[in-house]
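Q: I have a structure to look at and would like to go through it step by step. Could we begin now?

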Amino acid sequence: MSDNELLLAISDMMDRKLKPIHTDVRELQEDMTEVKADIADLKADVRELQEDMTEVKADIVELQVTVGNLQIGMKKMQIQMETDFSPRLQNIESCYLSTYQRYSKGTEQIDSMQLDIDVLKSTVIEHSEKLQRIS
């Protein structure tokens with residue numbers, strides 16, 4: 001066998017032996033391409049989640065500010081109720097109670113006056129009849 005033939009035989013033998021390795025390497029390259037695509041998708045998803053979290057954090061800060069403002073407003077209302085409305089309500093209540101007491105006494109007087117008027121009416125009618133008989 002000549003050197004060329006020997007080299008060709010060695011080359012063929014090496015090609016046969018390396019063919020499964022080439023196939024495995026090609027499959028690994030295809031798998032790596034898929035893995036890279038999956039990683040790119042994951043990176044996009046993570047970026048989207050980060051953006052969503054940024055929005056959520058901003059919303060939470062806004063809610064905290066709103067809640068703080070509401071608490072301040074409620075505190076102001078509570079102070080106003082204690083300083084303005086409560087004394088006024090007490091004043092209204094005392095006026096109402098004194099008026100009620102006056103009118104409740106007046107009702108008794110009105111009942112008594114009605115009895116007196118009824119007696120006066122009957123007396124005037126009786127006297128009118130007597131005067132008409134006399135005249």
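Q: How many positive and negative side chains does the protein have?
A: In this predicted model, the protein has 16 positive and 27 negative side chains. Lys and Arg count as positive and Asp and Glu as negative, while His and the chain ends are not counted. The centres of the two sets lie 10 Å apart, with each charge placed at NZ of Lys, CZ of Arg, CG of Asp or CD of Glu.

Q: What should I know about the numbering and the model?
A: Residues are numbered from 1 along each chain as its sequence is written, and side-chain values use heavy atoms, with hydrogens and water left out. As this is a predicted model, local features need pLDDT of at least 70 and side-chain atom pairs count only at pLDDT 80 or more, whereas totals for chains, interfaces and linings use all residues.

Q: Back to charges: how many salt bridges are there?
A: The structure holds one salt bridge, defined as a side-chain nitrogen of Lys or Arg within 4 Å of a carboxyl oxygen of Asp or Glu. Its partners are Lys130 and Glu126, at 3.5 Å from N to O.

Q: Where do Lys130 and Glu126 sit relative to one another?
A: Lys130 and Glu126 are four residues apart in helix 1, so about one helical turn separates them. Side chains of opposite charge can pair when their charged atoms come close.

Q: Are Lys130 and Glu126 buried, exposed or partly exposed?
A: Lys130 is partly exposed, with a relative accessible area of 40%, and Glu126 is partly exposed at 42%. Buried means under 20% relative accessible area, exposed over 50%, and partly exposed in between (1.4 Å probe, protein chains only).

Q: New topic: which secondary structure does the protein have?
A: The protein has one helix and zero strands. These are DSSP runs numbered from the N terminus: helices are H or I with at least four residues, strands E with at least two. Helix 1 covers residues 3-134.

Q: Is the protein compact or spread out?
A: The protein is more spread out than a compact globule, because its radius of gyration is 54 Å, well over the 14 Å from the globule rule for 135 residues. The radius is taken over C-alpha atoms, and the rule is 2.2 Å times the number of residues to the power 0.38. Along its principal axes, the C-alpha trace spans about 180 × 40 × 15 Å.

Q: How much of it is buried?
A: Of the 135 residues, 1% count as buried.

Q: What about Val46 and Phe85?
A: Their C-alpha atoms are separated by 55 Å, with the two positions 39 residues apart along the chain counted as the distance apart. Val46 is in helix 1 and is partly exposed, at 43% relative accessibility.
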